Amino acid sequence: MNIKRSIMGSYIVVVLIPIIIAAISGTMIINVNKEAKVKEYSSNTILIEKYSDKLSNPDLYKDKESFDDLIEVEDRELVDILIYNYQGEIIYSSDDNNIAEWSSIPKSKLLQGLYERNYRMSDDSMKEAVFDGDRIVGIYEIIIHRVHFVNEINNIIMIGLAFFIASIILILLFANKFTEKWINKPIQQIVYAMNEFANERYVKINSRGDDEIGEIIDNFNSMRDEIMEKNYQLIKDHAERDYMVMAISHDLKTPLTAIRTNVELMRTTGKCDIGRLDGVLEKCDHMKNMLNDLMNYNMLQSGAELNLAVVDGVEAMDTILFGYKDLIEAENLKPNIDIHIEGFYEMDVEQIDRVMGNLVTNAVKYCKKGGTVTIGVYSEEYELPDYLSEDIKSHYADRKGKLLIFIRNNAEKMSDNIIKKIAYPFYKSDKSRGKEQGSMGLGLSIVVLIIDKHGGDVDFYSEEDNLTIIISLDRKI
């Protein structure tokens, strides 16, 4: 419903109602007039002839007093008589009002319509001249009032007026109900919701039709949802920031305590222990890496732009994955680097290199002793390898225009709750809290941020003896 069109329609109806009623009333009056003419003609003719016989006598015009009581009592409501002399002066009128209005008339008008039956809406009249020899002694006009017809006309007019008033009342009632339902009530809801909004109570207004106020309500609800989402995000960011501060404070406390302990022991003993110095340096490098990760995380989260470029997939992945086989073997693990790629891709090679470094480092760090670390890169032209489970392959059955990069290691099965939180910054599962292997640091959080900026997705699959992390990127060419 369009309110503007509805209001314009009501205006048109208000304008058309009197026109329609007037047209119907006019048609009824014309039809009644036709019927009345047929019924009245003969009776009126009798009355005209009756008084014409009296008024045609020339002797009647010699004395004005002879006109007294000219009209019979039973005809006085129906008949009026006007008598003029030849100069156009009224010498007799059964209706005194006619004498006041027509004391005299021009001779041209006096002779107009002579001997013609004049049938009007209000009366039926006949005008004739009276001769005395060759001389006109007077002119009389017999007027038969159409009392019954006029009464019917008045009834039609009153009925039309009653219909008009009733229609206006109905329109006013409808307009009042329409305004209350479609304008006043929604506006009151909007005002109430806005007042509640000012008090940080986010009331949602029930949606309605496609009219102008409905559009306002939809926009208000959209604004409400957007602000609520931003408020939720602010609360979430604040909570994450608090958690990050607490987590990094906790993670820095342990190496700082170890550094202080080793330095105090060397100071107390007065001996420079190479082993303790190596431990101090290792802890310093650990804290440096943590701070670097924190800086990178904050930089990515604050909206830093990527240095995107279209690169050949084979060349880019050969460069990025160079050296990982030796890294895996150095930890007494079995490497399986599986690359099947074609085409060109838009990526920030430096950031993708950081992603692969974080993922491979974690895969090596948390892989079971003697286990296998697999790095796979597959474009759409190649079928996914059999070592991936059917659930994973079915999830990526439609991978047209996609590049899949996955890192897989032998690891204990994780619960769904841990999988959902595994990429949270500094997340530690409850059962491994305080243990080194329980901390995921910021590595996976940085991975998710970088891939998200590439317009890709990161999925985690924990199976019986394997953890598989799969990255999906869009193909450029």
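The radius of gyration is taken over C-alpha atoms, and the globule rule used with it is 2.2 Å times the number of residues to the power 0.38. Keep that rule in mind for the opening view. The model on screen is predicted.

**Stop 1: the whole chain**

Show the C-alpha trace of the protein chain. The radius of gyration is 54 Å, whereas a compact globule of 477 residues would come near 23 Å. Turn the trace along its principal axes. The spans are about 170 × 55 × 35 Å.

Switch to cartoon. The chain holds 12 helices and 12 strands. Now look at its contacts. Of those between residues at least 6 apart in sequence, 66% join residues at least 24 apart.

Add the surface. The accessible area of the protein chain is about 28900 Å², and carbon and sulfur atoms hold 55% of that. Buried residues account for 39% of the 477.

**Stop 2: helix α1**

Select residues 3-55. This is helix α1, and Met28 lies in it. Next, select Ile12, Val15, Leu16, Ile19, Ile20, Ile24 and Met28 together. They form a nonpolar patch on the surface. Their combined accessible area is about 630 Å².

Stay on Met28. Its relative accessible area is 40%. Partly exposed covers the range between under 20% (buried) and over 50% (exposed), so Met28 is partly exposed.

**Stop 3: the loop before β3**

Move to Tyr115. Find this residue in the loop between α3 (107-111) and β3 (117-119). Check its backbone: phi is near 65°, a positive value in a residue other than glycine. Then check its cover. Tyr115 counts as partly exposed because its relative accessibility is 44%.

**Stop 4: the loop before β7**

Go to Asn332. Its loop runs between α8 (324-330) and β7 (334-340). Here too phi is positive in a residue other than glycine, with a value near 60°. Is Asn332 buried or exposed? With a relative accessible area of 66%, Asn332 is exposed.

**Stop 5: helix α9**

Select residues 349-365, which make up helix α9, and pick out Asn358. The relative accessibility of Asn358 is 16%, so this residue counts as buried. Which residues does Asn358 touch, leaving aside those up to four places away in sequence? Display Gly443, Ile446 and Val447: these are its contacts.

**Last look**

Place two asparagines side by side. Asn358 is buried in its helix setting. Asn332 sits exposed in its loop.

Definitions and conventions
Residues are numbered from 1 along each chain as its sequence is written. This is a predicted model: local features need pLDDT of at least 70, side-chain atom pairs count only at pLDDT 80 or more; totals for chains, interfaces and linings use all residues. Side-chain values use heavy atoms; hydrogens and water are left out. Patches are made of residues with over 30% relative accessible area and no salt bridge: like charges are joined within 9 Å, nonpolar side chains (Val, Leu, Ile, Met, Phe, Trp, Tyr) within 5 Å. Accessible areas come from the Shrake-Rupley method with a 1.4 Å probe; for residues, only the protein chains shown count as cover. A salt bridge is a side-chain nitrogen of Lys or Arg within 4 Å of a carboxyl oxygen of Asp or Glu. Helices (H or I, at least four residues) and strands (E, at least two) are DSSP runs, numbered from the N terminus. Buried means under 20% relative accessible area, exposed over 50%, partly exposed in between (1.4 Å probe, protein chains only). Contact means heavy atoms within 4.5 Å.
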